[in-house]
Amino acid sequence: MATRGKKMVERVKDLMDKPTLIRNIGICAHIDHGKTTLSDNLLAGSGMISMDLAGKQLFMDFDEEEQARGITINAANVSMVHEVAGQEYLINLIDTPGHVDFGGDVTRAMRAVDGAVVVVDAVEGTMPQTETVLRQALRENVKPILFINKVDRLINELKIEKKDMPIRLGKVIDHVNKLVKNMSPEHYEKDNWKLDAAKGTVCFGSALYKWAVSIPSMKNTGIGFNEVYDYCKAGNMKELSQKSPLHAVLLDSVVHHLPDPLEAQKRRIPVIWRGDKESKVGKDLMTANPNEEVVFMVTKILTDPHAGEVAVGRLFAGTLERGQELYISGTAVTNRVQSVAISMGADRVEVEKIPAGNIAAVTGLRDAIVGSTGSTVRDMTPFEAIKHVSEPVMTVAVEAKNMKDLPKLVEALRQVAKEDPTVKVEINEETGEHLISGMGELHLEIVTKSRITRDRGIEVITSEPIVVYRETVTGTAGPVEGKSPNKHNRFYVYIEPLEQPIFDAIKNGDFSMNMMELERRKLLESLGMEKEQAKGVTHVYGTNMLIDQTKGIQYLKETMELIIEGMEEALKNGPLAREPAQGIKIRLVDVKLHEDAVHRGPAQVIPAVRSAIQGGVLMANSTLLEPVQKVFISVPQAQMGAAVREIQGRRGVINDIQSEGDMSIIEGQAPVAELFGFASDIRGATEGRALWNTEFLGFFPVPASMQNEIVINIRKRKGLKAEIPRPSDFLE
Ligand SMILES: Nc1nc2c(ncn2[C@@H]2O[C@H](COP(=O)(O)OP(=O)(O)OP(=O)(O)O)[C@@H](O)[C@H]2O)c(=O)[nH]1
Ligand SMILES: [Mg+2]
């Protein structure tokens with residue numbers, strides 16, 4: 001690998017500044033559909049690993065935990081060169097995980113790439129995560145092509161007949177097209193992103209046995225479905241893979257149908273960057289101009305035992321070089337670029353410079369977190385935040401086993417939070433009991449066992465996971481008066497539920513405070529907000545909105561920062577159970593301020609605003625929300641009843657049951673709180689015959705009859721007064 005890698009680097013370097021010869025692609029799919037095996041094929045095709053090892057080495061699953069569990073946990077990057085029709089191309093590839101707990105890595109990878117190879121298992125067909133990854137790609141304006149994998153299983157295990165093969169495969173394509181069309185009619189129709197075998201945007205094959213075909217490839221190789229069928233039946237896939245190798249067929253499709261960075265950035269910048277497209281830097285972003293200011297977005301942070309922290313991301317403009325000072329969004333500082341490198345799976349190879357349109361690994365950006373924009377431009381409008389589809393639903397408390405590890409643990413937790421924005425960390429240096437929230441049990445296990453104990457040698461005691469709740473309002477209240485401790489400042493607010501369409505727009509990134517003001521107002525009005533209110537939107541915190549509807553109040557402008565701080569304090573830990581608040585609209589309608597700045601400082605304004613909001617929330621029918629997951633179960637007919645009962649017994653709902661041959665596909669949903677232990681229960685109930693997976697659905701109100709009890713339990717656990725709080729606890 002070392003020598004192969006070296007030569008490769010030289011070839012990569014030669015192509016880096018020829019954007020039309022670059023493709024930045026992500027491999028994404030439902031769990032186990034064969035992404036990493038497919039990536040091995042491409043690596044072998046480029047000569048980076050031996051063809052014999054492809055499919056066994058799982059080069060991109062270089063973490064020992066990944067090898068041990070047989071799943072991908074981390075998205076991994078590699079740059080390689082392929083020759084297509086006599087021309088060399090640079091392929092920057094990201095292999096993403098399929099397990100839902102690591103879905104955040106897929107979302108982040110989609111920001112770095114321009115095209116996606118969506119892999120679908122020919123036997124399983126499209127699955128819940130297929131839908132999710134497609135949605136993520138489309139949202140980022142990343143163009144998909146389709147690879148239908150494991151076709152060998154269709155022939156050798158399912159033993160379908162030759163004539164049924166095109167029908168069966170056609171069904172998968174139709175289904176994927178239906179998804180694309182529903183999710184994004186514009187992409188489907190206007191951009192012509194419909195997947196079309198005749199055009200070559202669909203390939204069929206077997207990553208394990210290293211062959212593939214597409215309609216264009218059939219014309220060149222003479223290998224079509226008939227031949228594929230015969231080779232598979234004859235157990236001679238080796239010859240098939242020589243006549244029609246996967247890497248050649250698929251990369252042909254990648255090169256012809258996925259956009260180069262020049263074409264892609266024109267289309268992608270408007271959705272991922274809200275700054276002025278007509279400005280100098282706006283134009284440079286749209287054209288991936290390598291000769292101007294640097295604009296880099298960090299999509300992944302790795303900790304390397306030697307190099308320390310490595311920020312990997314997409315360079316959208318300028319050329320990265322050692323020694324550059326980059327402003328890091330969200331901080332007041334600059335960081336000096338210490339090295340720039342290209343990624344080679346677990347390894348990185350340092351290079352002199354990397355021009356726009358590539359994926360780069362940079363050291364020295366110690367203040368960057370995943371999602372940061374690093375730029376030579378001061379006050380650069382940052383890229384839009386990466387919107388994750390799932391939210392943390394579970395929390396564990398961790399404590400250092402040895403006192404001496406206390407500071408190291410705090411440091412490790414800070415680092416974990418920087419690397420993975422889907423992990424929420426709450427550090428409590430007083431009690432030493434820190435909270436880590438994540439997507440699920442596996443996610444939390446990886447954070448505690450791999451990231452903290454294995455990578456950093458810190459032994460910890462971890463609690464059982466507990467559910468994360470949210471608070472919101474379903475009624476309205478106001479005007480609620482909040483008084484400052486010195487009584488000289490008063491704030492009057494209305495508390496209301498935020499309109500659902502606006503809530504959704506914030507969640508999926510259609511709305512952002514980075515938008516130009518007029519554009520922002522227009523959007524809010526189109527989503528049903530009154531003009532007056534849309535004009536007053538001052539701050540968005542999570543999915544909560546502060547609207548200033550006051551007029552001509554002296555000193556208000558200079559006080560606004562403190563008001564915002566008060567809002568954030570009130571909503572970070574809601575008044576009901578100190579869980580985060582969501583979907584609350586706060587309208588500030590009147591303010592009285594002391595004319596002397598000394599008497600309207602932080603110690604006065606923050607508590608006044610905070611208490612008005614906390615009291616107001618409790619008056620507006622405060623409601624506790626719990627996370628709910630979709631549950632998909634595939635089980636033989638005979639065990640269907642038992643599987644259904646497993647969901648229903650957990651305050652669950654069955655949404656759909658379909659049968660396919662002898663199998664039933666059950667789609668339901670249930671609260672996370674009830675799903676602990678589901679794995680072993682469903683195994684027991686169905687004699688181990690059920691295949692199942694879950695996906696985040698959202699936060700929903702707990703049953704009204706249970707709310708008080710749950711609130712009191714959370715409060716007890718947190719050491720709060722074991723009573724339902726009242727508005728008067730916050731207001732005078
Ligand atoms: N029969 C057959 N098995 C395959 C094929 N491709 C992959 N597999 C097997 O499917 C399993 C999963 O393959 P991976 O490549 O790890 O799948 P993945 O999509 O990367 O999985 P995650 O990253 O964990 O989501 C492995 O046991 C592979 O050997 C194929 O074309 N045919
Ligand atoms: Mg994988």
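Two strands pair if DSSP finds at least two bridges between them, and the tour of this predicted model opens with strands that meet that criterion.

**First stop: strand β8 and its partners**

Select residues 295–304, which make up strand β8; seven of these ten residues are buried, so the strand is largely enclosed by the rest of the structure. Now add residues 308–317, strand β9, which pairs with β8 in the antiparallel sense over nine bridges. The two strands form a hairpin, with three residues between them. To place one rung of this ladder, pick lysine 300 and look across to β9, where its bridge partner is valine 312. In a regular strand the side chains alternate between the two faces of the sheet.

Next bring in residues 373–375, strand β17, which is joined to β8 by three bridges and runs antiparallel to β8. Here the pair to select is valine 295 and, opposite it in β17, serine 375.

**Second stop: helices α13 and α14**

Move to residues 261–272 (helix α13) and residues 280–287 (helix α14), whose axes lie 6 Å apart and pack at an angle of about 130 degrees, which makes α13 oblique to α14. Display the side chains of Leu262, Gln265, Lys266 and Ile269 in α13, which meet Leu285, Met286 and Thr287 in α14. Sorted by class, this contact has four nonpolar, two polar and one charged residues.

**Third stop: helices α20 and α21**

Select residues 556–572 for helix α20 and residues 602–619 for helix α21; their axes are 8 Å apart, and the helices pack at an angle of about 45 degrees. That angle makes α20 oblique to α21, and the crossing of the two is right-handed. On the α20 side the contact includes Thr559, Leu562, Ile563 and Met567, while on the α21 side it includes Val605, Ile606, Val609 and Ile613. By class, the whole contact has eleven nonpolar, three polar and three charged residues.

**Last stop: phenylalanine 491**

Keep α21 on display and select phenylalanine 491, which is found in strand β25 (residues 490–497). Is this residue buried or exposed? With 27 other C-beta atoms within 10 Å, against a cut-off of 20 or more, phenylalanine 491 is buried. Leaving aside neighbours within four places in sequence, its contacts are Gly482, Leu588, Val591, Ala608, Val609 and Ala612. Of these, Val609 also takes part in the contact of α21 with α20, and a distance label drawn from C-alpha to C-alpha should read 6.3 Å between phenylalanine 491 and valine 609, although 118 residues separate them in sequence.

Note on methods:
Residues numbered from 1 in each chain as written. Chains lettered and ligands numbered in written order. Predicted model: local features only at pLDDT ≥ 70, side-chain atom pairs only at ≥ 80, totals over all residues. Axes fitted to C-alpha atoms, helices over the stretch in contact; angles between N-to-C directions. Helix = DSSP H or I, 4+ residues; strand = E, 2+ residues; numbered from the N terminus. Parallel < 35°, antiparallel > 145°, perpendicular 65-115°, else oblique. Left-handed = near helix turned anticlockwise from the far one by under 90°. Contact = placed C-beta atoms within 7 Å. Nonpolar A, V, L, I, M, F, W, Y, C, P; charged D, E, K, R; others polar. Buried ≥ 20, exposed ≤ 12 C-beta atoms within 10 Å, placed from the backbone.
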